[in-house]
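Dear colleague,

I am passing on the structure below, and I would be glad if you could look through it before reading the notes that follow it.

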Amino acid sequence: MRQSQLFTKTRKEAPKDEVSKNAQLLIRAGYIHKEMAGVYSYLPLGLRVINNINTIIREEMNAIGGQEVFMSALQDPELWKTTDRWNDDVVDVWFKSKLKAGGEIGFAWTHEEMITRIVSQYLRSYKDLPLFTYHIQNKFRNEMRAKSGIMRTREFLMKDLYSFSRTEEEHEKFYNECAEAYMRIFNRLGIGDKTYKTFASGGAFTKFSHEFQTLADAGEDIVYVNEEKNIAVNEEVLEEADLSEFGVTRDELEKQKSIEVGNIFSLGTKFSEALGLNYVNEEGEEKPVIMGSYGIGPARSMGTVVELLSDEKGIVWPEEVAPFKIHLVEIGGDDEKVRAYADDLYKKLTTANTEVLYDDRDARAGEKFADSDLIGIPTRIVISKKTLESGMIERVNRKTGMVDMVSEKDLLS
Ligand code: ATP
Ligand code: MG
C-alpha cells in the first residue's frame, strides 16, 4: 500500500479524554477511531492487525479440531429465558431493544444458549461426539466502566469456542489441548512470556477454571505469581484455595497487575440439561452432553500487545501481528532517480508477496521516520540519494534500532 493513498494520518496528540496507552498510541498512529467511551472503529491499519490476530487464532483453533461458524449477534429472548439469563437481575450487561413488530430482542454478550440449541438440532448419538465449534463475532456488553482503551469496550470481538463431549475424561482432554493452543496463540502474539495460565474459581462443576492473564501495569486484574515455578492464581482463589495444592506458599507469590486475555471454563451439563442437549450412548441410554467454553478477546489482545511492546517512539509490533512486514521509506524523492528506484523496489517486493507500506509521501525525512517509529512496522527499508550512491539499501530493525546495509538481491531473497 502506498502511504500517500492511505486516508488516515498520524497525529501528534491523542484525544484529551483518552487515558490508556494502547488507545493513545493506536489513535495517534491511525489504527483506530474513538466513537465514544468504550466504542472504537478499526481503520485500515487496525483492521489489518485484527485480521492477523484472528488468523493466528483460527489456525490454532482449527488445529485442535474447531469448526468455525458465525452466529448471529441478535438474540431470541425465549431462548435465554430457558436458562434464566434473560433476567437483568441475573445478567447485568445486556443491551436490549424493542422490535417494531412487538416484543424484545437482545444483543449477544455471549453465545452458550445459541450454540447449544443449534447443536441440539444435529446431535443424535455418541458417534457425533466430541465436537468443537467456534466463531469470531462481536459481543455487546453494557460495561459499567470503559477506561482501558480497546481492552474493555461495550462492543468487542470475541473468539468463543464451545466443546461438546461424552465423558469427563473426553472433556478434560480437550480442555487441556485448548489451554495449550491458547499458549501458542499468546506466544505468536508476542506476549507469551508475560502470560500465565492462572487458577480462577470454577463455578459449580469444577474446582477451578483458568484465566490467561498477561502481567502489565495497565491491567485491571490482580494475580499472584511465582515466575520461577510458573504458577499464578487470581485473587479469589488466593482467598479460598489451599495453596499447597499448587505447590507454593503465600509468601512465594508476588502480587501483580494483569490483563485477562482469555479464559477457559468447564460448563458441565448446565446448558445441555436446560436446553435438552442429549445424546444416546453405546448402551442406548440418553445422556446430557458435557460442555466447555473458551474465550479470547482479539481486540483486548491487540491492546495488550501495544501495552507491552511499545517504547517512547511508538508501537513495536511482533512480526506476525504487524499490519505490514516492511515499511519502505523513500527520502529525497524530489530526486527522480531516488523516486524511480523506490517505486521499482516497491513493485518487486509486492510481486514477491511481501506486505509493504510504501512511504511515497512528499514529506521531510524526520517526519517520515517519526511516523514510521509510531506505526511500528518491524523492518524499515530506507532509500535515499546516499543509499543509491552506495549501491546498498539501509535496513532498520524497529525493535532493536539496529541498522545494517544489504544489497537488493539479499533483501529480495
Ligand atoms: P472481564 O472479567 O475482564 O470482564 P470476562 O470474564 O467478562 O472478562 P469473558 O466473558 O470470559 O470475559 O470473555 C472472554 C474474553 O473476551 C476475555 O478473556 C477478554 O479477552 C474478552 N473480553 C471480555 N470482556 C471484554 C470487553 N468488555 N472488551 C474487550 N474484550 C473483552
Ligand atoms: Mg466482563
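How many nonpolar, polar and charged residues does the shell around ligand 1 have, by class? Before the reply, please keep in mind that this is a predicted model. Sorted by class, the shell consists of five charged residues together with four nonpolar and four polar ones.

Ligand 1 is surrounded by 13 residues, and the closest of them are R141, E143, R152, E260 and N263. Turning to individual contacts, the side chain of R152 places an N or O atom 2.8 Å from an oxygen atom of ligand 1. The backbone takes part as well, since V261 has a backbone N or O atom 2.9 Å from an oxygen atom of the ligand, and a polar backbone atom of G297 is found 3.0 Å from an oxygen atom of ligand 1. Taken alone, ligand 1 exposes 590 Å², and 82% of that area is buried by the protein. Two elements, strand 8 (155-165) and strand 13 (254-268), each give two or more residues to the shell around the ligand, and strand 13 gives the most, with four residues.

A separate point concerns an open sheet, in which three strands follow the order 4-6-5 with antiparallel pairing. Strand 4 (74-75) and strand 5 (95-98) are the edge strands of this sheet, each of them pairing on one side only. Between strand 5 and strand 6 (residues 104-107) the antiparallel pairing extends over four bridges, and K98 stands opposite E104, a residue of strand 6.

Finally, I looked at the internal space of the protein. The count comes to one cavity of 30 Å³ or more, and the volume of the largest cavity is about 30 Å³, which leaves this cavity at about the value used as the cut-off for the count. The residues that line the largest cavity are S372, I377, R380, V396, N397 and R398; by class, this lining is made up of two nonpolar, two polar and two charged residues.

If you open the model with the ligand in view, I would suggest starting from R152, whose side chain has an N or O atom 2.8 Å from a ligand oxygen, and then going on to the backbone contacts of V261 and G297.

With best regards

Technical notes. Residues are numbered from 1 along each chain as its sequence is written. Chains are lettered from A and ligands numbered from 1 in the order in which they are written. This is a predicted model: local features need pLDDT of at least 70, side-chain atom pairs count only at pLDDT 80 or more; totals for chains, interfaces and linings use all residues. Side-chain values use heavy atoms; hydrogens and water are left out. On a 1 Å grid over the protein atoms alone, a cavity is a set of points where a 1.4 Å probe fits but cannot get out, and a pocket is an open set with protein on both sides within 12 Å along at least five of seven lines; lining residues have an atom within 4 Å of a point. Grid points are joined across faces, edges and corners, and a volume is the space filled by probe spheres set on the points. Ala, Val, Leu, Ile, Met, Phe, Trp, Tyr, Cys and Pro count as nonpolar, Asp, Glu, Lys and Arg as charged, and the others, Gly among them, as polar. A residue is near a molecule or strand if one of its heavy atoms lies within 4 Å of it. A polar contact is a pair of N or O atoms within 3.5 Å; within protein, one must be able to donate a hydrogen and the other to accept it, and residues adjacent in sequence count only if both atoms are side-chain atoms. Accessible areas come from the Shrake-Rupley method with a 1.4 Å probe; for residues, only the protein chains shown count as cover. Two strands pair if DSSP finds at least two bridges between them.
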